[in-house]
Amino acid sequence: MCPVSESPNSEGAQYDFVVVSNRLPVDRVVDDTGDSTWRRSPGGLVSALAPVMATNDGAWVGWSGGADESLDPFDHDVFHLVPVRLSADEVEQFYEGFSNATLWPLYHDVIAPPEFHRTWWNAYKKVNRRFAEATAATAAQGATVWIQDYQLQLVPRMLRELRPDLTIGFFDHIPFPPLEIFAQLPWRRAVLEGLTGADLIGFQRPGDAQNFMRCVRRYLGVTFRHGQARISPEGAENDDDAWTLKVASYPISIDVAAIREMAAKPETQERAQEIRRELGDPTTVFLGVDRLDYTKGIRHRIKAYGELLEDGALTVGEDVLIQVASPSRERVESYKLLREQVEGMVGRLNGQYDTMEHTAIRYLHHGYPFQEMVALYLATDVMLVTSLRDGMNLVAKEYVAAKSDGSGRLVLSEFTGAAEQLKQAILVNPHDIDELKELILLAKDMPADQARRRMRAMRRQVLTHDVNHWQDKFLQDLTDLKTPETS
C-alpha cells in the first residue's frame, strides 16, 4: 500500500462505532409527485446493527446508490449516514467491474470466468481510499470500526495507516477461495495486505478462514497460531507498530423474531392459503428464491425439475415449482446471458407441460415485500436451495424460521454455508442432476413425522443462533482485542 501524503485525524469526529459498507442502510423512495425520501433497507444486517448504532453513538459510511451524487452527511432513523460519492465511471469499473466481474466469480470457485483489468483495479484502489478517508474523518478517538464485505478489502490497512488508534473489524460475507484459485488474482498480495490491516476478520465458515490464512502464509510470509498472527507494517524495525490479527468464523444469520412475528399474523397465513388456491390447490408446492445469479444453481434446479416432469415422476397440476428470481447486476454481461438462459428453459418447459388450468413453473423475475415472502414460505411444501457456491444462504434459514408448525422440507446444497448449521436438511450436490432429482422426490414423499423431526432440529439451531447472536459474538471478540490504550 502506498503511504498517504496527509492523514486525517479525529478532530471534529464524534462517533464511537462506525459501520462501513458499499451501500448505506437506506433506499431512496420516489413518490408520485417526484419527491424523494429515504427508508431503511430490508435485511438482517441493518436490523441487527440498528440497536448497536443507537446505543453506541454510531455512524454508517457507504454509497447512496446513485452515480455522481454528492450528499452531505444526514440522519435517518437511528443512523447517522455518511455518503461516499461514486462517479458513473467508478460505478462501472469499481462496482460492476472489479467487485462483481473480477472478485465475485473468483471467490465463487470461478463458476464464471473472472476478468482482470488494470483500469478496474485502479478504480478499486481509488474508491477504497475514499471510503477509508471518509471513515477516518468520522470515527472518534479510539472508536470501533466494522467494515463489511469484499468491495472494501483494502480499507482496513488504509484506515490503519490513517488512524492507528482505531479498532478495526472486517467481515467477509462471501466465500474466500482456496489458495489455488486466489493465486489467479494479479493483485493478490495487495488485497491480502489490505485485509490484514484489521484486528479481527470474520468469515462465514471455518474453511474460508483456513483458505485466507493459507494465502497470507504463502504470499505475505505470516504464520497463524490458533487463528492469530502478529502483523508488522512493511519496513518496520521493531514491534511497537505491529498489531495482532485474529481470524475466525462467525456464521451470519437472520432476524428470527421478525420472521416469526410475520408468520404468526392471521393475514400472512390467509395469504399463504390464497397462494395455494391461486396455484390450483396442488399437492406439492416447490419453491426457489434467489437473486438471479449464476452461483445459485437455478439452471440445475430447473433442469432437474424438467426431467422429473418428463419422467412422469412429477405432474403438472399436482406439483408446481415457484421460482422467484430477483433482478441482479443486470448491466453485467454474464448476468444478461444467465437471464436469457433461465427464461428460455422456463419457457420451453411451460410450453411443453402447461395445461389450460395449470402451469409447470411459475417464474417471477422481481422482488417481493417481506410479508409476501413469508407467506410464500408458509405456502411451500419443499424449499429448493441448489447453490453451486454460497457464503451462507439466508433464504434457507428464513424458510426454517417461518415454519413454526414444523412442516416443510428443505433440500439444501452442500456448497452453502448454511449446510454446516442445518445438518438435518436433505443435503445435495446440485452438480449431480440424478441425485438432485432423487432428493426432490425424497422430500416430496418424506413421511410427515420424519419431516417434522428434521424441521424441529433445524429450528432449534436457527432460533438460538440469530443475527443478533452473530453480531454480539463478533463485536464482543473485537472488543476483547482492544489494547488498554484504545480502551
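In the predicted model, helix α10 passes helix α14 in a right-handed crossing. The axes of α10 (residues 298-311) and α14 (residues 433-445) come within 9 Å and cross at roughly 70°. The two helices are therefore roughly perpendicular to each other, since angles of 65 to 115 degrees are assigned to that class. On the α10 side, the contact is made by His300, Arg301, Lys303, Ala304, Glu307, Leu308 and Asp311. The α14 side contributes Ile433, Leu436, Lys437, Ile440 and Leu441. By class, the residues of this contact between α10 and α14 comprise six nonpolar, one polar and five charged.

A second helix pair is formed by α8 (residues 256-264) and α13 (residues 394-402), whose axes come within 9 Å and cross at roughly 45°. This angle makes α8 oblique to α13. Helix α8 passes α13 in a right-handed crossing. Ile259, Arg260 and Ala263 of α8 meet Glu398, Ala401 and Ala402 of α13 in the contact. Four nonpolar and two charged residues make up the contact of α8 with α13, and no polar residue takes part.

Turning to the strands, β6 (residues 79-83) is mostly covered, with five of its five residues buried. The cover extends to both faces of β6. Phe79, Leu81 and Pro83 are buried on one side, and His80 and Val82 are buried on the other. Strand β6 pairs with β4 (residues 58-63) in the parallel sense over four bridges. Within β4 and β6, Gly62 is found opposite Pro83. Strand β6 also pairs with β5 (residues 74-76), here in the antiparallel sense over three bridges. His76 stands opposite Phe79 of β6. Strands β5 and β6 form a hairpin with two residues between them. In the turn of this hairpin, Asp77 has a positive phi of about 60°.

A separate description applies to the open sheet of six strands, which are arranged in the order β14-β13-β12-β15-β16-β17 with parallel pairing. Its edge strands are β14 (361-364) and β17 (426-428), each of which pairs on one side only. Neighbouring strands of the sheet are turned against each other by 20° on average, direction ignored. Within the sheet order, β12 is followed by β15. Strand β12 (residues 284-291) and strand β15 (residues 382-385) pair in the parallel sense over two bridges. Leu287 stands opposite Met383 of β15.

Positive phi angles also occur at two loop residues. Asp109 has a positive phi of about 60° although it is not a glycine. Asp109 lies in the loop between α2 (88-107) and α3 (118-138). With a relative accessibility of 30%, Asp109 counts as partly exposed, because this class lies between the limits of 20% for buried and 50% for exposed residues. His226, likewise not a glycine, has a positive phi of about 55°. The loop that holds His226 lies between α7 (206-220) and β10 (228-231). His226 has a relative accessible area of 81% and is therefore exposed.

Notes:
Residues are numbered from 1 along each chain as its sequence is written. This is a predicted model: local features need pLDDT of at least 70, side-chain atom pairs count only at pLDDT 80 or more; totals for chains, interfaces and linings use all residues. Side-chain values use heavy atoms; hydrogens and water are left out. Buried means under 20% relative accessible area, exposed over 50%, partly exposed in between (1.4 Å probe, protein chains only). Two strands pair if DSSP finds at least two bridges between them. Axes are lines fitted to C-alpha atoms, for helices over the stretch in contact, and angles run from 0 to 180 degrees between N-to-C directions. Angles under 35 degrees count as roughly parallel, over 145 as roughly antiparallel, 65 to 115 as roughly perpendicular and the rest as oblique. A crossing is left-handed if the near helix is turned anticlockwise from the far one by less than a right angle, and right-handed if clockwise. Contact means heavy atoms within 4.5 Å. Ala, Val, Leu, Ile, Met, Phe, Trp, Tyr, Cys and Pro count as nonpolar, Asp, Glu, Lys and Arg as charged, and the others, Gly among them, as polar.
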